[in-house]
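Morning, everyone. Please have the sequence and the model open while I talk. I'll go through helix packing, aromatic rings, a few single residues and some backbone angles.

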Amino acid sequence: MPAEEFVAGWISGALGLVLGHPFDTVKVRLQTQTTYRGIVDCMVKTYRHESLLGFFKGMSFPIASIAVVNSVLFGVYSNALLVLTATSHQERRAQPPSYTHVFIAGCTGGFLQAEGPRGLFRGAWALTLRDTPTLGIYFVTYEWLCRQFTLDGQTPSSGTVLVAGGFAGITSWVAATPLDVIKSRMQMAGLKQRAYGGLLDCMVSSARQEGLGVFFRGLTINSARAFPVNAVTFLSYEHLLLSWG
């Protein structure tokens, strides 16, 4: 099993995390607290009360854990394609895999990278349900856009990779945001010692108390975060693998 995809995934995940953590801070606060009137209000209050450092609170643990998660995602995805198509990463431009294979490999990576110790992370099922299909969509979108703007058999340009990665991130988050809201609420419920009966109970309680719009809280900030973070993630991942040959 080639290991370079795992290493490239770890490095690109760490770079994406540093860029995206301020967006995550705002997103989670909007999803789990009712004291903010919107994105700008949340950003202003965070800066006023906690300075610029408030946007980077809690980054030390994710930079280790999420980078590993990204490593697993890209490593499993690439190796799943290797099993499905018998082609390496370098060979796939000349022999592009079918979108069905890309989707299956993406779903496999999404399912395996969502696993974790049960008592540590509440909302694990919401995370699994969110990541499995949306990461299939994520990689299909990326591959489709790369192929639209790249000659057959050629390596996509840096600009193409940036655009394809950015829009892949947005597309996946449009599909993922409702379950992302549920995941965040179940995780925060554990910290606040407020128990939900499960995934369905969290969904019903949230909708009953705040309306269906609650499931799309954070969609704007998710999209704003998704483009630059995933553009940088894919660009660094592709360049690392290209440089290692």
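**A walk through the model**

Let me start with Ala-86, which counts as exposed because its relative accessibility is 62%. One thing before I go on: this is a predicted model. Ala-86 sits in the loop between α3 and α4, and α4 covers residues 99-113. Its backbone deserves a look. Phi of Ala-86 is positive, about 60°, although the residue is not a glycine. Why point that out? Because most residues other than glycine have a negative phi.

There is another case, Ser-51. Phi of Ser-51 is near 65°, again a positive value in a residue other than glycine. Where is Ser-51? In the loop between α2, residues 39-50, and α3, residues 60-85. Is Ser-51 buried or exposed? Neither: with 33% relative accessibility, Ser-51 counts as partly exposed.

Now helix packing. Two packed helices are described by the angle between their axes and the distance between the axes. Take α1, residues 4-32, against α2. Their axes come within 10 Å and cross at roughly 110°. Angles of 65 to 115 degrees count as roughly perpendicular, so α1 is roughly perpendicular to α2. The crossing of α1 past α2 is right-handed.

Which residues make that contact? From α1, they are Val-26, Arg-29 and Leu-30. From α2, they are Ile-39, Cys-42, Met-43, Thr-46 and Glu-50. By class, the contact has five nonpolar residues, one polar and two charged.

Staying with α1, look at Leu-15. Leu-15 counts as partly exposed, at 45% relative accessibility. Leaving out residues up to four places away in sequence, Leu-15 touches Val-232 and Ser-236. Now compare sequence and space for Leu-15 and Asn-230. They are 215 residues apart along the chain, yet their C-alpha atoms are separated by 9.9 Å.

Next, the aromatics. A pair of aromatic rings is described by the distance of the centres and the angle of the planes. How many aromatic pairs does a search of the whole structure find? Nine.

I'll show two of them, starting with Phe-74 and Phe-234. The ring centres of Phe-74 and Phe-234 are 5.4 Å apart and the planes are at 70°, so this pair is edge-to-face. It links distant parts of the chain. Phe-74 is in helix α3 and Phe-234 is in helix α8, residues 219-244, with their positions 160 residues apart in sequence. Phe-74 is buried, at 0% relative accessibility. Phe-234 is buried too, with a relative accessible area of 2%.

Phe-74 also pairs with Tyr-237. Here the centres are 4.4 Å apart and the planes are at 45°, so the pair is tilted. This pair, too, links distant parts of the chain: Phe-74 in helix α3 and Tyr-237 in helix α8 are 163 residues apart. Both Phe-74 and Tyr-237 are buried.

Zoom out, and ring pairs link a cluster: Phe-74, Tyr-77, Tyr-138, Phe-139, Tyr-142, Phe-234 and Tyr-237.

Keep Tyr-77 and Tyr-138 from that cluster in mind. Tyr-77 comes up again with Ala-105. Ala-105 is in helix α4. Ala-105 is buried, with a relative accessible area of 0%. Beyond its neighbours within four places in sequence, Ala-105 is in contact with Tyr-77, Ala-80, Leu-81 and Leu-84. Set against that, Ala-105 and Asp-180 are 75 residues apart in sequence and 22 Å apart in space, C-alpha to C-alpha.

Tyr-138 comes up with Ser-172. Ser-172 is found in helix α6, residues 158-191. At 8% relative accessibility, Ser-172 counts as buried. Which residues does Ser-172 contact, leaving aside its neighbours within four places in sequence? Thr-134 and Tyr-138.

One more residue: Asn-70, in helix α3. Is Asn-70 buried or exposed? Buried, because its relative accessibility is 14% and the cut-off is under 20%. With neighbours within four places in sequence set aside, Asn-70 is in contact with Gly-9, Ser-12, Gly-13 and Thr-233.

That's my tour. Over to you for discussion.

Methods: Residues numbered from 1 in each chain as written. Predicted model: local features only at pLDDT ≥ 70, side-chain atom pairs only at ≥ 80, totals over all residues. Heavy atoms only, no water. Helix = DSSP H or I, 4+ residues; strand = E, 2+ residues; numbered from the N terminus. Buried < 20%, exposed > 50% of the residue type's maximum accessible area, 1.4 Å probe, protein only. Axes fitted to C-alpha atoms, helices over the stretch in contact; angles between N-to-C directions. Parallel < 35°, antiparallel > 145°, perpendicular 65-115°, else oblique. Left-handed = near helix turned anticlockwise from the far one by under 90°. Contact = heavy atoms within 4.5 Å. Nonpolar A, V, L, I, M, F, W, Y, C, P; charged D, E, K, R; others polar. Phe/Tyr/Trp six-rings, centres within 6.5 Å; stacked < 30°, edge-to-face > 60°.
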